[in-house]
Amino acid sequence: MLLNFKQSGLDQNNAKTVILIHGLFGSLENLNVIARALESSFNVINVDLRNHGRSFKSDDMNYQVMAEDILSLIHHFGLDKVTLVGHSMGGKVAMQVAMLDEQKVEKLVVLDIAPVKYHSRHDTIIHALNQVSQQTPTSRSAADKVMSEYIEELGVRQFLLKSLAKNEQGTLEWRFNLPIIEENYSHIIENIDTPRTCLCDTLFIKGNNSDYILPEHKDAIVSAFAKARAKIIQGAGHWLHAEKPEAVNRSIIDFIQ
C-alpha cells in the first residue's frame, strides 16, 4: 500500500525531489513549514507515515517496514534520487532508507535524532492519549482539559491535538493508530539497523536545548554516516522547525541546493 502524501512545488522532471518525513504522533502537516520554504526550488513530497495521519494502518511498525514504505513511494514516482528530510522518528526512518538503498539518497537531513537506542520517554503522553480515547470528548478543548492533567506543556498538547479529528460517525478520535503505536513502542525507541557505513552526504540539525543528540552520540553518528556534518540551532529544543523555522529552513536549503 502507498503512503498518503501531499506533493507541491516544482515538477519532478524539472527539479530535485525532497521527501519530508514527520515524527511520532505527527502527520505531514507538521512539516508544512519546511515544505513551504522548499516549494519554490524543489519538488516536495510530504508524507504521512503508516499508522499516522491519513495513511494506512498496519500491525507492523518498525524502521525496516517504514523505510520500505518510503522506498515504495520513490518507486511509485519513478525517482532515481531524492533528498530525505526527517524529524525525530522520521529522521530514523530517513536514515534507515539510506541504509537500505544508499543509491536512491542524494542527500540526507536528520532533525534532532541520532542513530542510537533511546530510553522510554513517552509513557505519560501515551497514558494521556489513552485517557482521551476512553473519555470520548466532544471537543478539542475538552480533550485538552483531559490531557492537561498529565501533560503540563501547552505546546505538546497543541501538537497532539492536531491529530484529533472526527470520524465518519462524527466522534472525535486520534488519526494515529494509538494501540499499534503503543504495542510497537519498543521498536520505535530502538536503533535503526546499521550493517555498514553510509557514505551519502548527511546533515544532522540539533536543537541547542534538546537532549536527543548528545556528545556521546558522536561515535555512533560518524560510524553510521561517515560524511555527517552537524548544525546547531540556538534557542531551539526538539521541535526546532516549529520554534526556529527560518534558521532550520535556511540550514536545510543551504545544504541541499
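Arginine 250 is partly exposed, with 44% relative accessible area. In this predicted model, the side chain of arginine 250 forms a salt bridge with aspartate 254, and the closest N and O atoms are 2.9 Å apart. Both residues belong to helix H11, which spans residues 245-256. Because aspartate 254 and arginine 250 are four residues apart in that helix, about one helical turn separates them.

**Salt bridges**

A search over the whole structure returns seven salt bridges. The table gives three of the pairs, among them the one within H11.

| Pair | Closest N to O distance |
|---|---|
| Lysine 16 and glutamate 106 | 3.4 Å |
| Arginine 157 and aspartate 144 | 2.6 Å |
| Aspartate 254 and arginine 250 | 2.9 Å |

What does the salt bridge between lysine 16 and glutamate 106 tie together? Lysine 16 sits in the loop between strand E1 (5-9) and strand E2 (17-21), while glutamate 106 sits in strand E5 (residues 105-111), so the pair ties together parts that are 90 residues apart in sequence. Lysine 16 is partly exposed at 39% relative accessibility. Glutamate 106 is also partly exposed, and its relative accessible area is 29%.

The salt bridge between arginine 157 and aspartate 144 has an N to O distance of 2.6 Å. Arginine 157 is in helix H6 and aspartate 144 is in helix H5 (residues 140-148), so this pair ties together parts that are 13 residues apart in sequence. Are these two residues buried or exposed? Arginine 157 and aspartate 144 are both buried.

Helix H5 also holds arginine 140. Arginine 140 counts as partly exposed, because its relative accessibility is 40% and the partly exposed class lies between 20% and 50%. The C-alpha atom of arginine 140 is 7.3 Å from that of leucine 164, and the two residues are 24 residues apart in sequence.

**The largest pocket**

The largest pocket has a volume of about 530 Å³. Its lining is made up of 29 residues. Which of these residues lie nearest the centre of the pocket? They are Arg121, His122, Ile125, Tyr212 and Trp239. Four elements give two or more residues to the lining: helix H3 (89-100), helix H4 (123-135), helix H6 (154-161) and helix H8 (185-188).

By residue type, the lining of the largest pocket holds 17 nonpolar, six polar and six charged residues. Two domains take part in the lining, with at least three residues drawn from each: domain 1 (5-117 + 191-256) and domain 2 (122-184).

**Positive phi angles**

Most residues other than glycine have a negative phi. Serine 88 has a positive phi of about 55°, although serine 88 is not a glycine. This residue lies in the loop between strand E4 (82-87) and H3. Serine 88 is buried because its relative accessible area, 10%, is under 20%.

Aspartate 112 is another residue other than glycine with a positive phi, near 55°. Where is aspartate 112 placed? Aspartate 112 is in the loop between E5 and H4. Aspartate 112 counts as buried, at 0% relative accessibility.

**Strand E3**

Strand E3 covers residues 43-47 and includes valine 44. Isoleucine 45 is in strand E3 as well. Valine 44 is buried at 0% relative accessibility, and isoleucine 45 is buried with a relative accessible area of 0%.

How far apart are the C-alpha atoms of valine 44 and leucine 10? They are separated by 7.6 Å, and the two residues are 34 residues apart along the chain. For isoleucine 45 and aspartate 193, the C-alpha to C-alpha distance is 25 Å and the sequence separation is 148 residues.

**Annotated span**

An unreviewed UniProt entry carries the annotation "domain: AB hydrolase-1", which covers residues 17-245. In the model, the end C-alpha atoms of residues 17-245 lie 20 Å apart. Helix makes up 38% of this span and strand makes up 18%.

How values were computed. Residues numbered from 1 in each chain as written. Predicted model: local features only at pLDDT ≥ 70, side-chain atom pairs only at ≥ 80, totals over all residues. Heavy atoms only, no water. 1 Å grid on protein atoms, 1.4 Å probe; cavity = no way out; pocket = protein on both sides within 12 Å on 5 of 7 lines; lining within 4 Å. Points joined across faces, edges and corners; volume = space filled by probe spheres on them. Nonpolar A, V, L, I, M, F, W, Y, C, P; charged D, E, K, R; others polar. Domains from an automatic or database assignment. UniProt positions renumbered as here; feature names shortened; annotations may be inferred. Salt bridge = Lys/Arg side-chain N within 4 Å of Asp/Glu carboxyl O. Buried < 20%, exposed > 50% of the residue type's maximum accessible area, 1.4 Å probe, protein only.
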